[in-house]
Amino acid sequence: MAKRTGLGRGLGAIFGEDVVENSEGENRSVSRETSPDYTVEEKKEEPGKEYMMKLSIIEPNKGQPRKDFNEESIGELADSIKRYGVLQPLLVKKSGDHYEIVAGERRWRAAKEAGLREVPVVIKEYTKQQAMEIALIENVQREDLNPIEEAQAYQQLMQEFELTQEEIAERVSRSRTAITNCMRLLKLDKRVQDMLIQGQLSSGHARALLALENQDAQYQIGLKIIDQRLSVREVEKLVKLLGKPKNQEKPKEEEKDLSFIFKDLEERMKQVMGTKVIINKKDRNKGRIEIEYYSEAELERIVELIESIK
């Protein structure tokens with residue numbers, strides 16, 4: 001698999017060393033400073049160096065944008081770890097009496113499943129915002145996030161850290177339009193979002209459903225997509241058909257007569273006022289009269305004309 005480039009500063013810059021990607025899809029360090037004879041608790045840590053750390057003192061990042069982990073994929077990685085070990089260290093930061101994962105939760109889960117007691121880590125100091133940005137970059141780079149998780153991560157960056165869509169786009173090396181389109185998915189009915197998370201709908205299906213404002217209608221069409229295996233093009237046609245307004249009933253004869261009457265009244269008032277007059281009717285008995293003027297002198301003339309009517 002070819003290495004994807006151009007995403008944020010890249011994982012190499014994050015770890016402070018060059019990285020390459022192996023056949024398992026894990027980033028492997030080309031240079032390591034390992035310390036197999038001790039754990040980090042037994043020696044004062046130096047930020048940027050690699051240590052072996054007990055799994056028991058490592059915890060997931062609560063701000064991790066990825067919520068859904070494929071168990072089958074974790075199992076495959078666990079099998080690989082049993083044979084070759086953890087090829088890329090986890091990136092962690094100190095948090096109270098434990099260490100919080102900044103990047104590498106998938107490796108952490110697989111290492112636990114493989115029965116490891118320790119894993120290689122690199123310790124660095126990050127703010128909450130920086131940690132979230134790095135976790136987001138790693139997941140987006142590896143295409144690990146489903147569209148809803150990605151959209152929620154962007155939304156959290158905007159709400160919690162007051163980043164603009166332009167700033168987020170710059171950090172993850174995506175266009176602002178791509179960020180906007182992704183976040184629009186959060187306008188979908190929650191049930192439809194769940195379909196997208198479970199992989200029952202594609203992003204193309206979801207974007208087509210956004211044209212429907214009624215969320216119950218979104219959900220019903222979502223069920224139809226799954227049941228009938230509709231293509232994105234078929235959904236677009238269906239949504240377009242549903243969006244067409246129903247043929248409006250022809251106005252009743254009484255309404256037609258009233259329209260002519262109001263037009264006649266407008267013309268008569270125009271002749272009296274000497275300027276354009278519009279009658280905006282709310283119903284048969286209520287409405288508003290608008291008298292237009294085009295200069296201060298004309299306004300004074302109209303006022304004098306109205307005052308003369310006594």
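**Exercise 1. Contacts of Leu209**

Task: List the residues that Leu209 touches, not counting residues up to four places away in sequence.

Solution. Contact means heavy atoms within 4.5 Å. By this test, Leu209 touches Leu188, Val192, Leu201, Gln218, Ile221, Gly222, Ile225, Val235 and Val239.

A note on the model: it is predicted, local features need pLDDT of at least 70, side-chain atom pairs count only at pLDDT 80 or more, and totals for chains, interfaces and linings use all residues. Residues are numbered from 1 along each chain as its sequence is written, and side-chain values use heavy atoms, with hydrogens and water left out.

**Exercise 2. The nonpolar cores**

Task: State which residues touch the most other members of the largest nonpolar core, and which helix supplies its largest share.

Solution. Start with the terms. A nonpolar core is a set of buried Ala, Val, Leu, Ile, Met, Phe, Trp, Tyr and Cys residues joined through side-chain atoms within 4.5 Å. Buried means under 20% relative accessible area, exposed means over 50%, and partly exposed lies in between (1.4 Å probe, protein chains only).

Next, the members. The largest core has 34 residues, and Tyr154, Leu209 and Val235 touch the most other members. Then the suppliers: helix 4 (128–141), helix 5 (147–161), helix 6 (165–172), helix 7 (176–183), helix 8 (190–197), helix 9 (203–209), helix 10 (215–228) and helix 11 (232–243) each give at least two residues to this core. Helix 5 contributes the largest share, six residues. Here helices (H or I, at least four residues) and strands (E, at least two) are DSSP runs, numbered from the N terminus.

Apart from this core lies another, of 21 residues, among them Ile58, Val92, Tyr99 and Ala114. In soluble globular proteins, nonpolar side chains tend to be buried together.

**Exercise 3. The sheet and helix 3**

Task: Give the strand order of the five-stranded sheet, name its edges, and place helix 3.

Solution. Two strands pair if DSSP finds at least two bridges between them. Five strands form an open sheet in the order 3-7-5-6-4, with mixed pairing. Strand 3 (50–54) and strand 4 (58–59) are the edges; each pairs on one side only. Inside the sheet, strand 5 (residues 90–95) and strand 7 (residues 118–123) run parallel over three bridges. Val92 faces Ile123 of strand 7 as its opposite residue.

Now the helix. Helix 3 (residues 105–113) packs on the sheet and touches strand 4, strand 5, strand 6 (98–103) and strand 7. Its direction makes about 120° with that of strand 6. Axes are lines fitted to C-alpha atoms, for helices over the stretch in contact, and angles run from 0 to 180 degrees between N-to-C directions. The buried residues of helix 3 are Glu105, Arg106, Arg107, Trp108, Ala110 and Ala111. Gly115 follows helix 3 with a positive phi near 85°.

**Exercise 4. Phe161**

Task: Decide whether Phe161 is buried or exposed, and find its contacts.

Solution. Phe161 belongs to helix 5. Its relative accessible area is 19%, so Phe161 counts as buried. Not counting residues up to four places away in sequence, Phe161 touches Lys128, Gln129, Met132 and Gln156. Lys128 is 33 residues from Phe161 along the chain, yet their C-alpha atoms are separated by 9.5 Å.

**Exercise 5. Positive phi in two loops**

Task: Compare the setting of Ser173 with that of Arg229.

Solution. Ser173 sits in the loop between helix 6 and helix 7. Its phi is positive, about 55°, although Ser173 is not a glycine. At 37% relative accessible area, Ser173 is partly exposed.

Arg229 sits in the loop between helix 10 and helix 11. Arg229 is also not a glycine and has a positive phi, near 55°. Its relative accessible area of 76% makes Arg229 exposed.

**Exercise 6. Confidence and totals**

Task: Say where pLDDT stays under 50, and give the chain averages.

Solution. pLDDT is the predictor's confidence in each residue, from 0 to 100. The protein chain averages 76, and 74% of the residues score at least 70. Residues 1–42 stay under 50; for them the model has 94 contacts beyond four places in sequence.

Finish with the whole chain. The protein chain has 13 helices and nine strands. Of its 310 residues, 41% count as buried.
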